[in-house]
Each structure stands twice: as C-alpha cells, then as structure tokens.
Amino acid sequence: DTSSKGKTPRRPGPKKASNTERDPVGVYCRIRPLGSEDEECCVEMISSTTIQLHAPDGLKANRNGEYKETQYSFKKVFGINTTQLELFEDVAKPLVEDLIHCKNGLLFTYGVTGSGKTFTMTGSPGEGGLLPRSLDMIFNSIGPFQAKRFVFKPDDKNGMEIQSQVDALLERQKRDSQQAVPKTPSSRQKPDPEFADMISPDEACKSENVDEDGCYGVFVSYIEIYNNYIYDLLEDAPYDPIRPKWLGGSTPVPPQSKILREDQNHNMYVAGCTEVEVKSTEEAFEVFWKGQKKRRIANTQLNRESSRSHSVFTIKLAQAPLDADGDHILQDKNQVNVSQLCLVDLAGSERTNRTRAEGSRLREAGNINQSLMTLRTCIEVLRENQMCGTNKMVPYRDSKVTHLFKNYFDGEGKVRMIVCVNPNADDYEETLVMRFAEMTQEVEVARPVDRPICGLAPGRRHRNQAFRDEVLMTQLIESLPDLPTCELVDPADDQTLPRMIEVLERRHQIRQMMTEQFNKTANTVKSMLQQFDSQLSAKDYFLHDQQSKLNEKDKVILSQKTEIERLEKKSKTLEYKIDILQKTTDMYEQDKRALQQELQTREHRLQSELSERKRMEQRMQGAVTDTRLKWEKECKALPVHPKHRRSHSAGGEKWVDHKPPSNLELDTVMQPIIPNAIKVSTPSEKALSKCHKYVLRHQELASDGEIETKLIKGDVFKTRSGGQAVQFTDIETLKQVCPLAPSRKRRSGSAEGPAEGEDIENRVSS
C-alpha cells in the first residue's frame, strides 16, 4: 500500500487503570492569620468545610444595594489557629502511608502571593511544615529496614536497579574516598539546631503497617520551574577550567535547563535530574536546604520573599523483598517497587498593578500567571470531559507544570491541593483562586492499582533474626568447657564429683572473666560518654555564647533591613518623582520644539512678505515715475480749450472770458486736464498718525470725452528702521463727463438725453 509508506507508526497510549473506581481530588483550605490587628478581615470560617467572603468597606455595592457575600466549600477548612501537626495528620499523613505501600501521591499548595504557601510546605524552626514532617515519618517507619547505601541505584530512566553487596561496598568505598557522600549524623552527635528544632520529639509520627520483609531506600530530588524552564537545584555548578581567572575562569557556569521525557511506563520524568540517596531525616532536610538556597526569590510590594518559580521536591521510595532466607535482598529488578511523593510549592499568582513589577519581575509574573492559567484550563477540560462525556484533548503540554504531573490526573496516584487564603481585605478581589479550587473538587482521578505482593512467605526477617540469635547463643555455650558425666555408679567413687567441681569452677572463672571484661568495657564506654557529655556541655556553652552574639547580629541586621526598606521606599518615591519630572520635561521639550518650528515658519513667512512688499514698492515707485514722466510729456503737447483759455503773466494765471465758470468747472479747470496724469494726495503727519491711510489719485482722459479718476488707497505702517511704508489695499474708480467736451448727439430712436446746462452725470464704480 503506497499510501502507508512514510507514515510513522502510532505510539501506544498510556496505560489506563484497570479498575473503574475513582476518587475526587482532595481540596483543603487554610486561612493564614492577619499581619496585624488593624487589618480588615474579609474571610469568615462558617463551618469545618465552608468559608464565607465578606466585601470590605469601601467596595462598591452590587445592583441591589447590598454587599455580595460568597460561600465556598472544601473537603476541610483549617482556621488561623490550626497547627502544622494537625494539617499534616489530615492532609499529608495519608499520602505518606500510601507511599510506604507503593502508591504515588501529589500534594501542592496553591494561592495568591503572600498567602502562606511556602510556610505551609516548609515551615519554620519549631513549626515544621509538611515536607520535614513527611520525611520524619518516612524514616521513623522504615529506619530499621533500610538497605545499605548504593544497594539501590537509579538507572537514569526513571527506574531503579539492585546492586550486589560487593558492588555496593565498592561504590561506598569509592564515594568515601572522594568525600562526596555526606555522612549520616550519629545519634550521639548534636545535629544542626535548624534541622532538629523543626519538629519536636513529641510530634513524631510513624506508620505501623510496614512490611518488615522488605528493604527500603529513599532518594530525593529538587527542581524548580522558572519562566517555563526546568532547573535542577541539587546539581553542582560546573566550573570552566579553560578560561583564565582574569577572564572569568574558575567561576560557576550558569545552570542548564532540563527536559521532560517519558519512560517505558509512559510516566513523565525530568531527564538528567540529580537523585540523592539519604538515610535520615536530617540528611534529607540538609539536601533540601541546599537546593532551597538556590531557589529564585525576590522582594515585591506584597511579599518580602516572594517565590519566583514553582518548586517540586520529590521523595522516591524504592523497596524490594528479602530472599527466602530473609538475609539478603532478592536480586530481581522486576520485584523492585518504586513509589514517589511530589511536594509542590506553586508560585503565587499576582497582579502587576499591585506588585508594580518591572523588567525581569514583570516577565516572571507573566510566566507564573500563564502556567497557573494552564493548570486551570487542564482542570476545566478534565471536569468537562467527565461531566459531559466529551473527549476533548487536555492541554498538558502548554506548561511544564501540567506536563510533568499529567500522570497523576490519569490515575497514577492521589492528588491533594491546599488552597492558602490571605483574609486581608486587599486580597478580596482574588476570588478566582477560590472558584478554581472549589471546581477542582469535581474532578475525579482513577484510584491507583495495588502492586502485586511477593509470593514468598511472610516473617522471613523475624525468623532470620531469631536464627541468628540462636546461633550466637549456641556459640557462646560452646565456648564454655564441656560438663563431664555426672553418673555415680560406685558409692566409693571419689573422682566424678571432684571432676565436676573442677569443671564448674573453671566455668565460673570464665564467666567472672567475661563479667570483668564486660564491666571494663562498660566503664570505658561510660567514661567516653561522660567525656562526650563534657565536650557537649562545652559546645553547648559555646553555642549559647555564639547564639547570643548571633542574636545581637540579628538585631543589627534587622535594624539595617528596616533602614534598607526605608531607603528603598524613598528611592522608589524619588524614582517615581523623577519619572514624572522626566515626562513633564519631555512634554515641555516637545512644546518648545513645536513653538520654535512655528516661530521659524512665521519668520520665514514674514521675511517673504517683507521682500515681496519691497519689490512691490519698488515696482510701484518705478511705475509712478514712468507714468509721471509720460504724462508730463503728454501735458506739454495738449492744447487748451478756447472757452477757458488763460493768459499767463508774472502774477499768475488769469481767465480770458468774462463768463465765470461754475464750481465744478472751476475745480476741473484749476487743474489742467492731463491725460494719464497721477496726483498723490499726502496727508499731514498728524492726520497720518490718526487715520493711517494713504491715497494715490490717478486721472485719465478717455477717448469718449469722459474723465476717469482712480483712487488707489493704502494703509501706512511703520518699518523697523523708524520710517513709514504703504501697503495698497483698494482701488476706487470715478467717471465724470468733461464739461468742455462737445455734447453727445442722440441716436435715432433713443430717448431724449439731458438738456444743455444740466448737472454733470457722475458714475462711480468700485
């Protein structure tokens, strides 16, 4: 079939649980105490399974004018007075029991930033959280039944191998020579107070249903998911041996992110993750603290030590049965059962408008919110598929968190979630966490299948121990002299009883020697213990002295932290003011540039207008001069009318005829009719300062005998040099009938014209 060529064969899907029994996801709610009594509380615990949210003062009412109160139900609600032990016994202890019985478990804390998730998971000295209590319960339960170190060995494929006693011994010697394996602290040595004070001896828990016919090994790993990348917190940072020191050599190389892979059972695991075998609670918590120091935390507006990544602490328990003799581990890899408990501390969701995150903090917050949103989406799709019978694809691969734990939601273990709530009124609007947590309870997870039980007879370890004790007693008895025969046949026998007495005396002497040796050894041990006690007292005194000095240093550090916080707040305030001033300066700079540009444009326009006016003035002056010269030439060649002929004398002009002219004629005759003549009437300086007008009069004699007068009007303005200039704005034209011209003849068929001697017709056009 050519159509099937080149197609990749489909991988088999993950194994489904053979049973149909399902358990809902257990969701618990824990309310943290308020920071101070002055803070307003908006969460009320109504019952052991229900809480109610009250709207704080100042919040807007709903449409009915009343505050909206919402109730949420959980499997159990823990109030502000709940101790860490009570929370552990109800939530985490059943998961540890399942871990010892070869069942997986997932426990994660969920909530907004600053709601107490890390405290719930880790705790503090004197108030150990879920993680140290789980480790303590595991080692209290399987302590006597642990296998020697390196008998169990991870195979780097999410599986476990069994080594022989010889290989394990060689591995221990190799590691001891390299001093890479931390020593388990002895019970007579005082452990680190930080670890010992986490849990008091009275609060120790232990599982009673432990299979004594098996050997156990505990492995821990610690990773973080930062910006959707997986990093190993227990990995030793490699050094760069090539680069010289002055170029940055011999410095730790930045950690490399890890990838997720799927094992042969279709379970997800982190490839290349460091798994450390631990033999005590102190050693396990020391490994945890080593990784905790590398975890990314930062100071935000809402939390001084805000987790910027999701942390996953995995406790892997490997167990294998003893052989038929109850002496050694059964060398069969198929008989090894590996169960794991994942303790997840999710980073808190946050709003940037409250944290005022910037730069890398803003990017971290975005990735945290995106991964939590993917978790909500997966839960919603699972709920919809189970309730509506749909078969939608769950988007596990959209986030590393959901992709890593998808097997738990497919039926590989129990899932428990603790929702941490901050009752402060400022977190009232973060009700999305509550709605999501309440909805998660509707998701059901398939119950894990019980692992097959080994077919060997139970009680093998106990029988082997009893056999060893019997052999030891037999060897002790055999070391004593044999008793002779005690049968007396002859009353005169005087040898049997003395021999018996001699043997008994010898036995008595041997017992006395053993008693003396035992007492001597006991006295030596007692003296050693007394010496250790004296050294311990001296160390206690030294530690007390150092503790007092440390307390003084802590006070100094606290005061310095307070001063640093004050300076940080002041710095942020100044930065905020600087930003405002910078924005204001930028606005003023923009306005300044705009005004400068507008000023340059107007100056350029003004210069253009001035140059244009100068050119027009020069052109008008030239035209006036040319016209005046032309009209003067024409005026010399123009004859005077006989009716108004004047005689010239030294005294001036005189009229020749006796008929006095009219006013209009006088005005016209007093100024000779000059064709194309221009007369400029210039007002006085006083009138010029009042009216600011300039009139240029232009008279012209037309061919039809009419006199055409043009009044060119303009405005007078002052120049920069203190002079005056004229800008012409209007032209007014006046036409008059010349009184000296012959009267027009009326055309045939036209109306009668005006009689001789009538007033002169004036026609004005503008």
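Is E275 buried, partly exposed or exposed? In this predicted model, E275 has a relative accessible area of 29% and is therefore partly exposed, since the partly exposed class begins where the buried class, under 20%, ends. The residue is also one half of a salt bridge with K316, in which the closest N and O atoms are 2.9 Å apart. Because K316 lies in strand β19 (residues 310-321) and E275 in the loop between β15 (268-270) and β16 (276-278), the pair ties together parts that are 41 residues apart in sequence. K316, for its part, has a relative accessible area of 5% and is buried.

Before other details are read, the confidence of the prediction deserves attention. The protein averages a pLDDT of 77, and 71% of the residues score at least 70. Over residues 180-193 the pLDDT is below 50, and this stretch has 18 contacts in the model beyond near neighbours in sequence. Residues 743-766 also have a pLDDT below 50, with 24 contacts in the model beyond near neighbours in sequence. Where pLDDT is low, the predicted coordinates should not be read in detail.

The salt bridges offer a route through further parts of the model, where the count comes to 18. One of them joins the side chains of R149 and E283, at 3.5 Å from N to O. R149 lies in the loop between α3 and β10 (152-154), whereas E283 lies in helix α6 (residues 281-292), so this pair ties together parts that are 134 residues apart in sequence. Both partners are buried: R149 has a relative accessibility of 13%, and E283 has one of 1%.

Another salt bridge is formed by E171 with R175, the closest N and O atoms being 3.6 Å apart. Both residues lie in helix α4 (residues 165-178), four residues apart, which is about one turn of the helix. An α-helix has 3.6 residues a turn, so residues three or four places apart point the same way. Within this pair, E171 counts as buried at 17% relative accessibility, while R175 is partly exposed with a relative accessible area of 30%.

Helix α3 (residues 130-142) brings the reader to an enclosed part of the structure. At 1.5 Å a residue, its 13 residues should span 18 Å, and the end C-alpha atoms are 18 Å apart, which agrees. Twelve of the 13 residues are buried, so α3 is largely enclosed by the rest of the structure. The buried residues include charged side chains such as R133 and D136, together with L130, L135, M137, I138 and F139.

V96, which is found in helix α1 (residues 84-100), is in contact with S134, M137, I138 and L341 when its neighbours within four places in sequence are left aside. Among these partners, S134, M137 and I138 are buried residues of α3. V96 is itself buried, with a relative accessible area of 0%. V96 and S207 are 111 residues apart in sequence, yet their C-alpha atoms are 8.6 Å apart in space.

The surface supplies a contrasting view. V525, M528, L529 and F532 make a nonpolar surface patch of about 320 Å². L529 is found in helix α13 (residues 496-636), and at 37% relative accessibility L529 counts as partly exposed.

Key:
Residues are numbered from 1 along each chain as its sequence is written. This is a predicted model: local features need pLDDT of at least 70, side-chain atom pairs count only at pLDDT 80 or more; totals for chains, interfaces and linings use all residues. Side-chain values use heavy atoms; hydrogens and water are left out. Helices (H or I, at least four residues) and strands (E, at least two) are DSSP runs, numbered from the N terminus. The expected span of a helix is 1.5 Å times one less than its number of residues. Buried means under 20% relative accessible area, exposed over 50%, partly exposed in between (1.4 Å probe, protein chains only). Patches are made of residues with over 30% relative accessible area and no salt bridge: like charges are joined within 9 Å, nonpolar side chains (Val, Leu, Ile, Met, Phe, Trp, Tyr) within 5 Å. Accessible areas come from the Shrake-Rupley method with a 1.4 Å probe; for residues, only the protein chains shown count as cover. A salt bridge is a side-chain nitrogen of Lys or Arg within 4 Å of a carboxyl oxygen of Asp or Glu. pLDDT is the predictor's confidence in each residue, from 0 to 100. Contact means heavy atoms within 4.5 Å.
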